[in-house]
Amino acid sequence: MKCKEIANKLTEYLDNCLSEVENSEIEHHLKSCINCQQELVELKSFLSILENDKMEIPSNNLKVNFDKILAEEIAKKGPKVIPLKSKTDWKTFIKVAASILIVFSAFLLGKYQPEKLSSKEKNTAEVLTLLEDSSASKRILAVTNAEEFTNKDTKIIEALINRLFFDKNTNVRLAAAEALSKFSSETLVRDALIKSLETDNNTTVQIELIIILSKIQEKRAIKPMEKMLENEETPQYVKQQLQLNLSTLL
């Protein structure tokens, strides 16, 4: 055995609790090891002190007081009681409130959002958009489609009048004049046709307007026609058209 093993077995050795073989090994080691001999001497000395001291026995009063204090401490630090009512969870409140807000907003959106456009309103919007297109062919197509609308579509009529006066393309102005003749029951349209005859310098447009005003029997067109007839700058072929149609109005 080594010194460490001897030191661990010295107490049992003194109490005669080891086997004969272990006792023999320890005694053999002690004969040659001064440190373990010293360890054995110190251990015997310590044990002798313990044997000579009287053990203090607590009085009955001390035991009673100790039990009382222990009982009070246990009562103070008793097991925690889990409340049956859950604590207020503010996150849950926020989630519920957000859900209610979303549902309410969806309700309001569905209630107050503009009604879906009817097919007629959709067609009107498409025509109005095409009338403002940069392509002349698309504007002519829009003017042609505008003829399908009724007199109540004032937006269409106003858009056509706008094309008649301000479109730079002659063919678009001609198409607008032809389309407006479909709405000749409207005073607004008749006024526009007369005014266009007085202001448009393009002879092709002038001839078209003369024919239309004569066809719709607009008597108020007589004076501007006579004025053009008297104008020396009016081309002869335009004057011939004026003379031909004035006769139907007089």
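Contact here means heavy atoms within 4.5 Å. The exercises below use that term on a predicted model.

**Exercise 1. Describe the make-up of the protein chain: how many helices and strands does the secondary structure come to, and what share of the residues count as buried?**

Step 1. The secondary structure comes to 13 helices and zero strands. From the N terminus on, the elements run α-α-α-α-α-α-α-α-α-α-α-α-α.

Step 2. The protein chain has 250 residues, and 29% of them count as buried.

Step 3. Take the contacts between residues at least 6 apart in sequence: 60% of these join residues at least 24 apart.

**Exercise 2. Find the largest nonpolar core and state which elements give two or more residues to this core.**

Step 1. The largest nonpolar core has 39 residues. Leu 160, Leu 180, Leu 193, Leu 213 and Met 225 have the most contacts inside this core.

Step 2. Two or more residues come from each of helix H6 (119–131), helix H7 (136–146), helix H8 (154–166), helix H9 (170–180), helix H10 (187–199), helix H11 (203–215), helix H12 (222–230) and helix H13 (236–249).

Step 3. There is also a second, separate core of ten residues, which includes Leu 10, Ile 26, Leu 30 and Leu 43.

Step 4. As background, nonpolar side chains tend to be buried together in soluble globular proteins.

**Exercise 3. Work outward from Leu 193: which residues is it in contact with, leaving aside neighbours within four places in sequence, and what covers the buried residues of its helix, H10?**

Step 1. With those neighbours set aside, Leu 193 is in contact with Leu 164, Ala 177, Leu 180, Leu 209, Ile 212, Leu 213 and Ile 216.

Step 2. The buried residues in H10 are Val 189, Arg 190, Ala 192, Leu 193, Ile 194, Ser 196 and Leu 197. Their cover includes H8, H9, H11 and H12.

Step 3. Check the length of H10. Its 13 residues, at 1.5 Å a residue, should span 18 Å, and the end C-alpha atoms are 18 Å apart, so the two values agree.

**Exercise 4. Repeat the analysis for H11: which residues are buried, and which helices do they pack against?**

Step 1. Buried in H11 are Thr 203, Val 205, Gln 206, Ile 207, Leu 209, Ile 210, Ile 212, Leu 213 and Ser 214.

Step 2. These buried residues pack against H9, H10, H12 and H13.

Step 3. For the length check, the 13 residues of H11 should span 18 Å at 1.5 Å a residue; the end C-alpha atoms lie 18 Å apart, which agrees.

Step 4. Continue into the loop between H11 and H12, where Gln 217 lies. Gln 217 is not a glycine, yet its phi is positive, at about 55°. Its relative accessible area is 36%, so Gln 217 is partly exposed.

**Exercise 5. Classify the packing of H1 against H2, and then of H12 against H13: oblique or roughly antiparallel?**

Step 1. Two packed helices are described by the angle between their axes and the distance between the axes.

Step 2. Helix H1 (residues 3–14) and helix H2 (residues 20–32) pack at about 120°, with axes 11 Å apart. H1 and H2 are therefore oblique to each other. Their crossing is left-handed.

Step 3. H1 makes this contact through Cys 3, Ile 6, Lys 9, Leu 10 and Tyr 13, and H2 through Glu 22, Asn 23, Ile 26, Glu 27, His 29 and Leu 30.

Step 4. H12 and H13 pack at about 150°, with axes 10 Å apart. Angles over 145 degrees count as roughly antiparallel, so H12 and H13 are roughly antiparallel to each other. The crossing of H12 and H13 is also left-handed.

Step 5. On the H12 side the contact is made by Ile 222, Met 225, Glu 226, Met 228 and Leu 229; on the H13 side, by Val 238, Lys 239, Leu 242, Gln 243, Leu 246 and Leu 249.

**Exercise 6. Examine two residues of the N-terminal helices and their loop: is Glu 22 exposed or partly exposed, and where is Asn 16 found?**

Step 1. Glu 22 is found in helix H2. Its relative accessibility is 23%, so Glu 22 counts as partly exposed.

Step 2. Leaving aside neighbours within four places in sequence, Glu 22 is in contact with Met 1 and Lys 9. Glu 22 and Ile 6 are 16 residues apart along the chain, and their C-alpha atoms are separated by 9.4 Å.

Step 3. Asn 16 is found in the loop between H1 and H2. Its phi is near 60°, a positive value in a residue other than glycine. At 65% relative accessibility, Asn 16 counts as exposed.

Technical notes. Residues are numbered from 1 along each chain as its sequence is written. This is a predicted model: local features need pLDDT of at least 70, side-chain atom pairs count only at pLDDT 80 or more; totals for chains, interfaces and linings use all residues. Side-chain values use heavy atoms; hydrogens and water are left out. A nonpolar core is a set of buried Ala, Val, Leu, Ile, Met, Phe, Trp, Tyr and Cys residues joined through side-chain atoms within 4.5 Å. Buried means under 20% relative accessible area, exposed over 50%, partly exposed in between (1.4 Å probe, protein chains only). Helices (H or I, at least four residues) and strands (E, at least two) are DSSP runs, numbered from the N terminus. The expected span of a helix is 1.5 Å times one less than its number of residues. Axes are lines fitted to C-alpha atoms, for helices over the stretch in contact, and angles run from 0 to 180 degrees between N-to-C directions. Angles under 35 degrees count as roughly parallel, over 145 as roughly antiparallel, 65 to 115 as roughly perpendicular and the rest as oblique. A crossing is left-handed if the near helix is turned anticlockwise from the far one by less than a right angle, and right-handed if clockwise.
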